[in-house]
Amino acid sequence: MPIFTTAVEPGLPARVVTRVGRSAVTAARALADVRTWLPHLVPQMRRLGVDSVPIALFIATFTGIVLALLSKYIFTGAVPLYFVGALVGKTIMMELGPVLTGLALAGRVGANIAAEVGTMRVTEQVDALETLAYNPNSYLVVPRVLAGVLMFPVITALAILLGVVAGWITAVNLLDLSTLEFVKGLKLFYKFKDIWFGLIKAASFGAAVTLAGCLMGLRTSGGAEGVGRNTTRAVVLGCEAILVLDAFWALVLL
Amino acid sequence: MKRGNEFLVGLVLLLAIAAVVGGALWLSEANIGKRETVHVARFRTVGGLTPGAPVTYRGVRVGRVEAIRLADLFVEADLKIYTGVDLPARPAVIAASQSLFGEWAATIVPRDQPQDDPNVRLMLDETARPGGDRWPGATLPDVGQLTAQAGRIATDIAAVAARVQSTFDSSAVTELRQSIKDFGAITNQLVRFTQSQTSRLNQVTGNVERTSEAVLGASQHLDATLARVDSATAGGQLQAILDNAAAGSGDLRQASADLRDILSKVRAEDQSIVRSLIAVDSVLTGIQAGQGTLGLLAKNPALHNEAVETMQEMRRLIADIQANPRKYFKFSVF
């Protein structure tokens with residue numbers, strides 16, 4: 001029995017399958033057009049990644065400080081204080097480093113992409129690209145998504161490093177904890193999985209945030225008001241995607 | 001601008017890669033450039049031991065747990081040991097929790113080292129039984145198991161305490177007081193009894209002491225007697241007595257031989273003896289029947305009385321003769 005016929009409107013499952021197939025074909029075509037997106041990859045990595053390093057490091061630094069102080073507050077009593085190192089390390093590597101960095105970049109990068117692409121859409125620059133025989137997905141979406149996938153783990157790695165260092169400095173200077181004790185706690189429960197788990201999550205967050213920005217940007221309509229509205233939607237969608245993916249990876253990988 | 005972008009992106013990428021690789025190696029205490037050898041330890045169960053857990057020998061980290069897998073009835077753990085570590089000749093592995101917070105480690109111990117825990121000895125024997133190049137392993141109880149056991153014990157103690165509380169009411173207190181009083185009375189009686197027994201024991205001791213002195217005196221007398229005997233027999237008297245006894249014994253043997261000769265002669269003459277006895281028997285029979293003089297004498301009282309009287313007269317006559325010889329005998333030479 002055919003899924004749909006010319007005489008009958010296709011049902012929801014058929015439409016979903018059709019859309020997924022169309023998106024996959026579009027993505028494959030866009031990815032295959034390397035000559036279009038490759039020149040824009042490094043500039044996007046610079047804009048989305050390198051320029052986001054300060055805000056990510058700022059967040060990670062204070063996250064490390066607060067975690068160290070919180071763990072000292074929590075561990076007063078039966079739990080030995082060197083567990084501050086374990087808590088700071090584990091928490092920043094596996095959860096707070098990727099998620100807080102992702103949320104911060106969802107605001108900065110997602111809004112940036114949605115506003116830029118949305119403005120291009122409402123000013124018909126996207127149509128102009130099509131007129132010039134450019135695939136707008138190759139030109140606009142692929143370099144941004146690839147830049148996000150590549151640079152989010154990089155920024156997250158630096159954020160993890162700085163967060164742990166900030167926690168260590170805080171523990172040594174404010175918590176009467178020696179460096180050896182902090183390092184002992186840091187190494188106590190460490191597994192290599194802790195690092196790659198955080199980096200995989202960060203890569204998926206990068207893909208989700210940039211895709212949400214591009215999607216909302218390309219769907220923008222209604223002038224400047226529509227740009228603002230879809231920018232907000234892009235940020236919200238990016239944050240939601242981060243939280244959903246965080247739960248998904250925790251279920252799958254832990 | 002384009003070159004500047006590439007430089008910045010490359011710098012950030014290299015920094016991130018350095019942070020990830022360097023941090024991972026540092027945290028995992030990887031030994032870059034050091035070679036490692038893999039040894040397999042066999043356990044019945046590995047408890048909380050996981051891949052990446054440290055392997056220690058005499059308290060020093062010498063490697064890590066590389067992998068853990070099921071193998072027939074046992075669990076096998078691959079232990080990566082740094083080369084150059086001087087391991088015991090017959091190693092065994094004990095997996096145990098390092099602290100209350102769940103960190104586990106595998107500790108290498110010499111197999112010959114005596115283990116206090118009988119369960120550990122049992123597990124080591126069990127895992128060593130299949131042989132091969134696998135190291136035998138044992139697992140100590142987890143902190144959680146010990147805590148659960150302690151919890152059960154605490155529950156039991158609480159139950160016992162509750163029962164004691166329910167049993168130990170006011171009447172029990174009264175009975176306990178009465179028991180204590182009774183116990184005091186028994187103690188006083190026991191003290192008095194002990195005192196009386198002590199005085200008796202003292203008397204007995206005195207008696208024993210005196211008896212001992214008497215025995216000592218007797219012993220001294222015996223010593224003196226033995227000394228006298230010794231001195232008396234020092235001149236060969238004892239030898240003479242023994243010689244005399246030997247001679248007497250010889251005489252006795254001779255007499256015995258003579259007696260045997262007599263008996264043999266008697267046996268040879270038993271016919272004539274029998275005849276003599278028959279004759280004596282006939283004589284005695286006649287006497288008993290009152291035949292003959294002797295029979296009459298034995299049977300007739302008158303004759304017996306006459307004979308007695310005659311004898312009496314004879315004694316009187318002899319006495320008179322002794323008293324008045326001249327009445328009956330007259331000697332004149334001239």
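**Notebook: a predicted two-chain model**

I started with B:Thr293, which counts as exposed because its relative accessibility is 64%, over the 50% cut-off. This is a predicted model, so I read every value below as computed from that prediction. B:Thr293 sits in helix α7 of chain B, residues 292-299. I also checked B:Thr293 against B:Leu303: they are 10 residues apart in sequence, and their C-alpha atoms are 9.7 Å apart.

**Chain B, domains**

I looked up how chain B is divided and got domain 1 at 32-142 and domain 2 at 274-327. I then took the C-alpha centres of the two domains and found 131 Å between them.

**Chain A, overall**

Next I went to chain A and its secondary structure: nine helices and zero strands. I read the order from the N terminus and it is helix after helix, α-α-α-α-α-α-α-α-α. The C-alpha trace of chain A spans about 75 × 45 × 35 Å along its principal axes. I noted that 45% of the 254 residues of chain A count as buried. I also looked at contacts in chain A between residues at least 6 apart in sequence; 83% of these join residues at least 24 apart.

**A:Arg144**

Is A:Arg144 buried or exposed? I found A:Arg144 buried, because its relative accessible area is 3%, under the 20% cut-off. A:Arg144 is placed in helix α6 of chain A. I looked for what its side chain meets and found a polar contact of 3.0 Å to the side chain of A:Glu116. The side chain of A:Arg144 also reaches the backbone oxygen of A:Leu140, at 2.8 Å. Leaving out residues up to four places away in sequence, A:Arg144 touches several others, among them A:Gln44, A:Arg47, A:Ile113, A:Tyr139 and A:Cys214. I checked A:Gly206 too: A:Gly206 is 62 residues from A:Arg144 along the chain, with 9.5 Å between the C-alpha atoms.

**A:Lys201**

I did the lookup for A:Lys201, which is in helix α8 of chain A. A:Lys201 counts as buried because its relative accessibility is 0%. Which side chain does A:Lys201 join in a polar contact of 3.0 Å? I found that it is the side chain of A:Glu95. Setting aside neighbours within four places in sequence, I listed the contacts of A:Lys201 as A:Met94, A:Glu95, A:Pro98, A:Val99, A:Asp246 and A:Trp249.

**Where A meets B**

Last, I turned to the interface. I counted 26 residues of chain A in contact with 19 residues of chain B. The two chains bury about 2,000 Å² between them, and 83% of that is on carbon and sulfur atoms. Of the area chain A buries against chain B, 26% comes from A:Arg46, A:Lys187 and A:Tyr190, more than any other three residues supply.

How many salt bridges cross the interface of chain A and chain B? I got zero. I also looked for residue pairs in polar contact across this interface, both at pLDDT 80 or more, and again got zero.

I then asked which helices make up the side of chain A that touches chain B; α2 (34-49), α4 (83-122), α6 (136-174), α7 (179-188) and α8 (192-218) each supply at least two residues. Helix α6 of chain A gives the most to that side, five residues. By residue type, I sorted the side of chain A that touches chain B into 24 nonpolar, no polar and two charged.

Notes:
Residues numbered from 1 in each chain as written. Chains lettered and ligands numbered in written order. Predicted model: local features only at pLDDT ≥ 70, side-chain atom pairs only at ≥ 80, totals over all residues. Heavy atoms only, no water. Domains from an automatic or database assignment. Contact = heavy atoms within 4.5 Å. Buried area = accessible area lost by both parts, 1.4 Å probe. Salt bridge = Lys/Arg side-chain N within 4 Å of Asp/Glu carboxyl O. Polar contact = N/O pair within 3.5 Å; in protein donor to acceptor, adjacent residues only side chain to side chain. Helix = DSSP H or I, 4+ residues; strand = E, 2+ residues; numbered from the N terminus. Nonpolar A, V, L, I, M, F, W, Y, C, P; charged D, E, K, R; others polar. Buried < 20%, exposed > 50% of the residue type's maximum accessible area, 1.4 Å probe, protein only.
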